[in-house]
Amino acid sequence: ERKHRQEQLLQRQKQMIEMTRTEGSKLLFEGAHEAAVPAALQALRFSIAVYGLSSVELVPAYLVLGEASIGLGRLSQAEEYLSQARWTVLKTPGCAASIKSKMYRICGLLQAAKGNFGEALKNYANDIYHAALISGPRNVKTSGGYFHMANVFFRKGQTETAHNIYSEVVDIWNRMLESVVKMEEAQTESTLSSFVEKPKEDGETLDEAQEAEAIQMLHAIYDLQQNNTSYGPHNMIKLLHTLALLHTHLMGYLKAQEFAQDALTCA
């Protein structure tokens, strides 16, 4: 009985780790850096309670805290969190590629914030490499690395390279969202929808953090490109179609209709 209670407690703590990590990441994508800190600290506390002080399972919480610190302009504090994350990853044989990917991404953000664009690009390349090991090079898990890489090229004035990479980000999300929306439409039509298991891309559907990431990236690209004639009508139609799919998935049907209408006007 006691063992059973301990197992239940452990399971609840692991669920809380996942919930607080996801909430922290979601808040970061929404630009709520200050609000992300308590969620990340809570995730860190739960992770320490379950896994101990030196486990690689603490790294995701360190990375959320690091990214939040970058967003708040506290670069020295961000460096401390990232140093702890790097040290833990280095001493962990066989550390998961997903953790390495995220670590390199946040390191890239820090270098970009410092104006070290060359170092930032190296980190984003490592991010994409490790994300691609899990899901392939054209997957939503690699899209963040591409997006931040494009931002650096844009800041360096290499706009053509930046626009090409932004288009790759849009293509990745377009394929994913088309698949998700088709699946959701099929479920809606089925009288047995509540009993049908959702198809998953690489074992996953979009969680709240990924939805927030899609909103952040696609709207940032739209804000940048909507008055850019050199972006080209084909690219703009693809972007508008992707935004329409995103808001359909989020059940923002009015917004989805607006983007779909804009895509038709462009065509």
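This is a short walk through one protein chain, from its overall build down to a few residues.

Okay, hi everyone. Before anything else, please keep in mind that this is a predicted model.

Let's start with the whole chain. What does the secondary structure come to? Eleven helices and zero strands. So if you read the elements from the N terminus on, you just keep saying alpha: α-α-α-α-α-α-α-α-α-α-α.

Now the overall dimensions. The C-alpha trace spans about 65 × 55 × 30 Å along its principal axes. For 267 residues, a compact globule would come out with a radius of gyration near 18 Å, and this chain has 20 Å, which agrees. As for the inside, 46% of the 267 residues are buried. And if you take contacts between residues at least 6 apart in sequence, 62% of them join residues at least 24 apart.

On the outside, the chain exposes about 14000 Å², with carbon and sulfur atoms supplying 53% of that. There are 26 positive and 30 negative side chains, and the centres of those two sets lie 8 Å apart.

Right, let's zoom in on helix α2, which covers residues 33–51. Its 19 residues reach 26 Å from the first C-alpha to the last, close to the 27 Å expected at 1.5 Å a residue. Which of its residues are buried? That would be A36, V37, A39, A40, A43, L44, F46, S47 and V50. Those buried residues pack against α1, residues 2–29, and α3, residues 59–71. Then, just after α2, you get to G52, which takes a positive phi of about 95°.

Next stop, a single residue: S101, in helix α5, residues 97–114. Buried or exposed, S101? The relative accessible area is 5%, and buried means under 20%, so S101 counts as buried. What is S101 in contact with, once you leave aside its neighbours within four places in sequence? The answer is D127, H130 and A131. While you're there, look at N123 too: N123 is 22 residues from S101 along the chain, and their C-alpha atoms are separated by 9.0 Å.

Last region, towards the other end of our tour: helix α10, residues 233–249. Its 17 residues should span 24 Å at 1.5 Å a residue, and the end C-alpha atoms are 24 Å apart, so that agrees. The buried residues here are M236, L239, L240, T242, L243, A244, L245, L246, H247 and H249. And what covers them? The cover includes α8 (159–189), α9 (208–225) and α11 (253–266).

After α10 comes M251, which sits in the loop between α10 and α11. Its phi is near 65°, a positive value in a residue other than glycine. M251 is exposed, by the way, because its relative accessible area is 62% and the cut-off for exposed is over 50%.

So, to pull two of those together: S101 is buried in our picture, whereas M251 is exposed. And the backdrop for both is that chain of eleven helices and zero strands. That's it from me, thanks for listening.

Notes
Residues are numbered from 1 along each chain as its sequence is written. This is a predicted model: local features need pLDDT of at least 70, side-chain atom pairs count only at pLDDT 80 or more; totals for chains, interfaces and linings use all residues. Side-chain values use heavy atoms; hydrogens and water are left out. Helices (H or I, at least four residues) and strands (E, at least two) are DSSP runs, numbered from the N terminus. The radius of gyration is taken over C-alpha atoms; the globule rule is 2.2 Å times the number of residues to the power 0.38. Buried means under 20% relative accessible area, exposed over 50%, partly exposed in between (1.4 Å probe, protein chains only). Contact means heavy atoms within 4.5 Å. Accessible areas come from the Shrake-Rupley method with a 1.4 Å probe; for residues, only the protein chains shown count as cover. Lys and Arg count as positive and Asp and Glu as negative; His and the chain ends are not counted. The place of a charge is taken as NZ of Lys, CZ of Arg, CG of Asp or CD of Glu. The expected span of a helix is 1.5 Å times one less than its number of residues.
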